[in-house]
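Morning, everyone. I have one structure to walk through today. Please put it up on the screen.

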2 protein chains.
Amino acid sequence: MASALRLFTGNGYFNTSIPDIVSDSGVSTGSIYHHFGDKEGVAKSLFDTLVGWMEEALQQIEKKNSSARDRCRDIIQLLFQIAEEEPDMMEFMLHARHKEFLPQEGPICSSRPFLHMREMVAEGIASGEIQPMDDTVAAAAVFGGALRMIQLRLDGILEKPLTEYQDDIWTTAWRSVAV
Amino acid sequence: MASALRLFTGNGYFNTSIPDIVSDSGVSTGSIYHHFGDKEGVAKSLFDTLVGWMEEALQQIEKKNSSARDRCRDIIQLLFQIAEEEPDMMEFMLHARHKEFLPQEGPICSSRPFLHMREMVAEGIASGEIQPMDDTVAAAAVFGGALRMIQLRLDGILEKPLTEYQDDIWTTAWRSVAV
DNA sequence: GTCTATAATGAGATAGAC
DNA sequence: GTCTATCTCATTATAGAC
């Protein structure tokens, strides 16, 4: 799975053949098919694992903080941290055109972690921390800038690590929706 | 090219074969290879055309408005309009993992139109309309929310057209960076 | 310039021993 | 559970008539 993640994100799912994974991982063709069924199964297994980790991390953030402000700030920090420490993970979760090779999965934006992020924003609106507006708009405003910076970083546009921009991004993000 | 755009965005570049384009367009295999060289040539031709249109539209916006505020507002309106009227165009420009099938093109974020958007934001900082900060951060803050909403719309998450959200998105976007 | 027919490649997937 | 060897087949790309 580590090989598959590296190859999928580095060269793309469709530019990665099973023989490529065999060479890179040292695991045999037969073994891969035995465990995952087919190539799509490898992608699905990766996707489920990553989404699971992400959701777990979000739940910890929710438990640790009580205000929407602190939760959103920690989420951006988490996203930046993953993007720096495990860029392949972040790239696979964010960018991978899952609908092209995981047709049964919905788009990533409607996966549990992203829904969870929107819910936390919605609670912030309910509690009066965030200006009254559509949940989706508020979530896009809070996290849109950070997600965009992550994309730029993964695409190699930013030389400096995301941590350097974190404070500015957070300030603009919160200013856009705060009461 | 219209067929290719529809098929590439609908099913993905790698799920679209030349025979698919032949059936859908009524143009023969030989003719396609005569004009475009290979499958990648079709994608490249599409990409160049769309980027050209986009850049032209941005130049008109720049000419028409003199303040960064008005320019950014018109850009978001333009992006929303294209996403609604020609979703395939927008999807191909934004989402298509160009590096997977157009390895020589840089990432979309460093293409002319996106650089142009960042320059307009930078001018806004220079003129004092936008708070002093890194260009890239400011551009991400201004356009990040809108781009995120476009992604949600293209992924079918939003039922209502983007126009309905335009005012709220613009308000949050500008509030995040305005002096 | 456009077409039909076809070649050549390499992919995904399977069989069956160990 | 893992391996090697192999099959099947769709895909990209070309050849050559019109």
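I will take the fold first, then the two chains together, then each DNA strand.

One caution before we start. This is a predicted model.

Start with chain A on its own. How many helices and strands does chain A have? It has 10 helices and 0 strands. Read along the sequence, that gives α-α-α-α-α-α-α-α-α-α. The C-alpha atoms of chain A fill a box of roughly 60 × 35 × 25 Å along the principal axes.

Now salt bridges. Side chains of opposite charge can pair when their charged atoms come close. Over all chains the count is 24 salt bridges. Take one inside chain A. A:Lys44 pairs with A:Glu105, with the closest N and O atoms 2.9 Å apart. Where do these two residues sit? A:Lys44 is in helix H4, residues 39–64, and A:Glu105 is in the loop between H7 and H8, so the salt bridge ties together parts that are 61 residues apart in sequence.

Next, how the chains relate. Two copies of a chain are related by a rotation about an axis and a shift along it. Here, a rotation of 180 degrees with 0.0 Å of shift along its axis superposes chain A on chain B, and the RMSD is 0.0 Å. That is the relation of a two-fold axis.

On to the interface. 42 residues of chain A contact 42 residues of chain B. Of the interface residues of chain A, 100% are also interface residues in chain B, so the copies meet through the same surface.

What about area? The size of an interface is often given as the accessible area lost when the parts come together. Between chain A and chain B, about 3400 Å² is buried, and carbon and sulfur atoms give 61% of that. Three arginines stand out: A:Arg97, A:Arg148 and A:Arg175 supply 17% of the area that chain A buries against chain B, more than any other three residues.

Now the pairings across that interface. There are 2 salt bridges between chain A and chain B. One of them joins the side chains of A:Glu91 and B:Lys99, at 3.3 Å from N to O. In addition, 11 residue pairs are in polar contact across the interface, with both residues at pLDDT 80 or more.

Which helices of chain A supply at least two residues each to the side that touches chain B? They are H1 (2–11), H7 (98–101), H8 (112–127), H9 (135–154) and H10 (166–177). H9(A) has the largest share, 11 residues. By type, that side of chain A divides into 18 nonpolar, 14 polar and 10 charged residues.

Now the DNA. Take strand D first. 15 residues surround DNA strand D. The closest are A:Ser28, A:His35, B:Ile18, B:Tyr33 and B:Lys39. Of the strand D atoms within 4 Å of the protein, 59% belong to sugar or phosphate, and the rest belong to bases.

Three contacts to look at here. The side chain of A:Ser28 puts an N or O atom 2.7 Å from a phosphate oxygen of strand D. A polar side-chain atom of A:Ser31 is 3.2 Å from a sugar or linking oxygen. B:Ile18 uses a backbone N or O atom, 3.0 Å from a phosphate oxygen. The elements giving two or more residues to this surface are H3 (29–36) of chain A, with H2 (18–25) and H3 (29–36) of chain B. H3(A) gives the most, 5 residues. The surface near strand D has 4 nonpolar, 9 polar and 2 charged residues.

Then strand C. Which residues come nearest to DNA strand C? Of the 15 around it, they are A:Ile18, A:Tyr33, A:Lys39, B:Ser28 and B:His35. Sugar and phosphate account for 61% of the strand C atoms that come within 4 Å of the protein.

Again, some contacts. A backbone N or O atom of A:Ile18 is 2.9 Å from a phosphate oxygen of strand C. The side chain of A:Lys39 has an N or O atom 2.7 Å from a phosphate oxygen. For B:His35, a polar side-chain atom lies 2.2 Å from a phosphate oxygen.

For this surface, H2 (18–25) and H3 of chain A, together with H3 of chain B, each supply at least two residues. H3(B) gives the most, with 5 residues. The residues near strand C divide into 4 nonpolar, 9 polar and 2 charged.

That is the tour. Questions, please.

Technical notes. Residues are numbered from 1 along each chain as its sequence is written. Chains are lettered from A and ligands numbered from 1 in the order in which they are written. This is a predicted model: local features need pLDDT of at least 70, side-chain atom pairs count only at pLDDT 80 or more; totals for chains, interfaces and linings use all residues. Side-chain values use heavy atoms; hydrogens and water are left out. A residue is near a molecule or strand if one of its heavy atoms lies within 4 Å of it. A polar contact is a pair of N or O atoms within 3.5 Å; within protein, one must be able to donate a hydrogen and the other to accept it, and residues adjacent in sequence count only if both atoms are side-chain atoms. Helices (H or I, at least four residues) and strands (E, at least two) are DSSP runs, numbered from the N terminus. Ala, Val, Leu, Ile, Met, Phe, Trp, Tyr, Cys and Pro count as nonpolar, Asp, Glu, Lys and Arg as charged, and the others, Gly among them, as polar. Contact means heavy atoms within 4.5 Å. Buried area is the accessible area (1.4 Å probe) that two parts lose on being put together, summed over both. A salt bridge is a side-chain nitrogen of Lys or Arg within 4 Å of a carboxyl oxygen of Asp or Glu. Copies are superposed by least squares on the C-alpha atoms of residues with pLDDT of at least 70 in both.
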